[in-house]
Amino acid sequence: MTRTENPVHVVGGGLAGSEAAWQIAQAGVPVVLHEMRPVRGTEAHKTDGLAELVCSNSFRSDDAETNAVGLLHQEMRRLGSVIMREGDRHQVPAGGALAVDRDGFSAAVTAALEAHPLVTIAREEVAGLPPDEWDSVILATGPLTSPPLAEAIRGLTGEKELAFFDAIAPIVHRDSIDLSVAWFQSRYDKAGPGGTGADYVNCPLDREQYESFVDALLSGDKTSFKEWEASTPYFDGCLPIEVMAERGRETLRYGPMKPVGLTNPHRAEKPYAVVQLRQDNALGTLFNMVGFQTKLKHGEQVRIFRTIPGLENAEFARLGGLHRNTYINSPRLLDPTLRLKALPRLRFAGQITGCEGYVESAAVGLMAGRFAAAERLGRPVRPLPGTTALGALIAHITGGHIETIDEGPRSFQPMNVNFGLFPPLDRAPKAEDGKRLRGSAKAVARKKALTDRARAALAAWLEDALPVAAE
Ligand SMILES: Cc1cc2nc3c(=O)[nH]c(=O)nc-3n(C[C@H](O)[C@H](O)[C@H](O)COP(=O)(O)OP(=O)(O)OC[C@H]3O[C@@H](n4cnc5c(N)ncnc54)[C@H](O)[C@@H]3O)c2cc1C
């Protein structure tokens, strides 16, 4: 068998697996796509189609100038994405968002893969570790990976490194925190491993503010667990903050909001309660609200969390949630080309890597497919620059996140693409007359500068990239 007759195996024909298989085949490498539906279903999928959208039909904003997911769309189009091609062809009106006719979209992705001469689709469950003779495998089995495969992955990674649910605390852009109210300090100034003693941002609440905050949590609108999620026993170890508040008005003050070991440099009186935020990424642009996993609706989270002193103007890179979700501790387990360090013939792609969302899952699938194809063809496997949306997302998954030293849910939690994952600009953009920009004009100029930089970086990268077959 010549090198290119030996197929790459992709397990899971969802958003990530379909895109990965397409990229591999377009690079001239045969691929077998293993999808267990309709032989075995999941709790969320309803059809046999590849790339089924299990819930909303939106790919979110299509604005490539000032929105990170819009930029990701644009980059994926440039790299010949079948998910974006069929998303565009099956677009339905949705203002500035890209929403799609879900059935037409899934049918078209299925047809494109079925028609490709280098793609074989095997309708079967991979119910354990892929056999040894599969020397290059992409596991893209998603948040509802079938139990026998999940167990096999757990055997490889260790129990703690594979989660069956997420417990997401909101993440705030650092530059939107008011440091004339909040301050940097670790409890009792403890440095801890890798710390400085000033590793947390602290937001102080007085008694009145705390009581109103608890009232808001209790009365805030919440989302409920789906029937099949509610019976999942493992939510117990990681309570949403509103459930802690229901257990007693003081519970939070003795839990994540305890005011001990901290001195407010801005005011003499001791805070009654404190919200702590901890650095979340190596770039230092994102801070997560410690212990604030929640089932409050997204609009409610923004409204209620902006009542916290110091967070009045907070911009959220991610809002909180708790879901049934199978995903691995990628920053620890994967190398920069998405290979499992412990068994490099296995790559991971899609939501199981800890990205979040249809587009992000497909994007990670796209890169996993390109990496696997380049490897099979004996070409250099070149990660994208971290200044592109694709590169920033993969850098976050494979190492950008900073592991926490706190107790509580696993530190690495799913993340949508957002500008906080991009390295900061070298200098702030100025107005045409050279003056400093302020307010929303400053925010828009910054986003435009980030997307311009990303386009330039992608163009340079593409000059040496693996050619994909012309349409
Ligand atoms: C209930 C729910 C609602 C969601 N809603 C949204 C939303 O509205 N918007 C959004 O952007 N994201 C949403 N997500 C998150 C996420 O973006 C999607 O789940 C997305 O489909 C993930 O893409 P994926 O390719 O990683 O996994 P999937 O699209 O789930 O694809 C995985 C595929 O692998 C197959 N499979 C699993 N195990 C095996 C096996 N052992 N052998 C062979 N095949 C296997 C499955 O049948 C499936 O087809 C939701 C997730 C869930 C669970």
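Q: Which residues does F422 touch, not counting residues up to four places away in sequence?
A: Happily, this predicted model gives a clear list. F422 sits in the largest nonpolar core, where F59 and F422 touch the most other members of the 85. Leaving out residues up to four places away in sequence, the contacts of F422 are A68, L71, L283, T285, T387, T388, A389, A392, V417, L450 and R453.

Q: Which helix gives the most to the largest nonpolar core?
A: The core in question has 85 residues. A contribution of 11 residues comes from one helix, spanning residues 358-376, and that is the most given to this core. The helix is α11.

Q: How many residues are in the other core, the one with Y210 and A216?
A: This core lies apart from the one that holds F59 and F422. Its members include Y210, A216, A245 and L252. The count is 31 residues.

Q: Is helix α1 largely enclosed or exposed?
A: Let's go through the helix, which covers residues 15-26. Buried residues in α1 include W22, I24 and also E19 and Q26. Because 12 of the 12 residues of α1 are buried, the helix is largely enclosed by the rest of the structure.

Q: What is the reach of α1 from its first C-alpha to its last?
A: With 12 residues at 1.5 Å a residue, 16 Å is expected for α1. The reach in the model is close to that, at 17 Å.

Q: How far from C355 is the nearest cysteine sulfur?
A: A disulfide is a covalent bond between the sulfur atoms of two cysteines. C355 is buried, at 0% relative accessible area, and is in no disulfide. A search of the whole structure finds zero disulfides. The nearest cysteine sulfur to C355 belongs to C55, at a distance of 16 Å.

Q: How many residues apart in sequence are the parts that R40 and E125 tie together?
A: The side chains of R40 and E125 meet in a salt bridge at 3.4 Å, N to O. R40 lies in the loop between β2 and β3, and E125 in the loop between β6 and β7, so the pair ties together parts separated in sequence by 85 residues.

Q: Which residue of the D132 and R345 salt bridge is buried?
A: The closest N and O atoms of this pair are 3.4 Å apart. D132 sits in the loop between β6 and β7, while R345 is in strand β17. At 63% relative accessibility, D132 counts as exposed. With a relative accessible area of 15%, the buried residue is R345.

Notes. Residues are numbered from 1 along each chain as its sequence is written. This is a predicted model: local features need pLDDT of at least 70, side-chain atom pairs count only at pLDDT 80 or more; totals for chains, interfaces and linings use all residues. Side-chain values use heavy atoms; hydrogens and water are left out. A nonpolar core is a set of buried Ala, Val, Leu, Ile, Met, Phe, Trp, Tyr and Cys residues joined through side-chain atoms within 4.5 Å. Buried means under 20% relative accessible area, exposed over 50%, partly exposed in between (1.4 Å probe, protein chains only). Helices (H or I, at least four residues) and strands (E, at least two) are DSSP runs, numbered from the N terminus. Contact means heavy atoms within 4.5 Å. The expected span of a helix is 1.5 Å times one less than its number of residues. A disulfide is a pair of cysteine sulfur atoms within 2.5 Å. A salt bridge is a side-chain nitrogen of Lys or Arg within 4 Å of a carboxyl oxygen of Asp or Glu.
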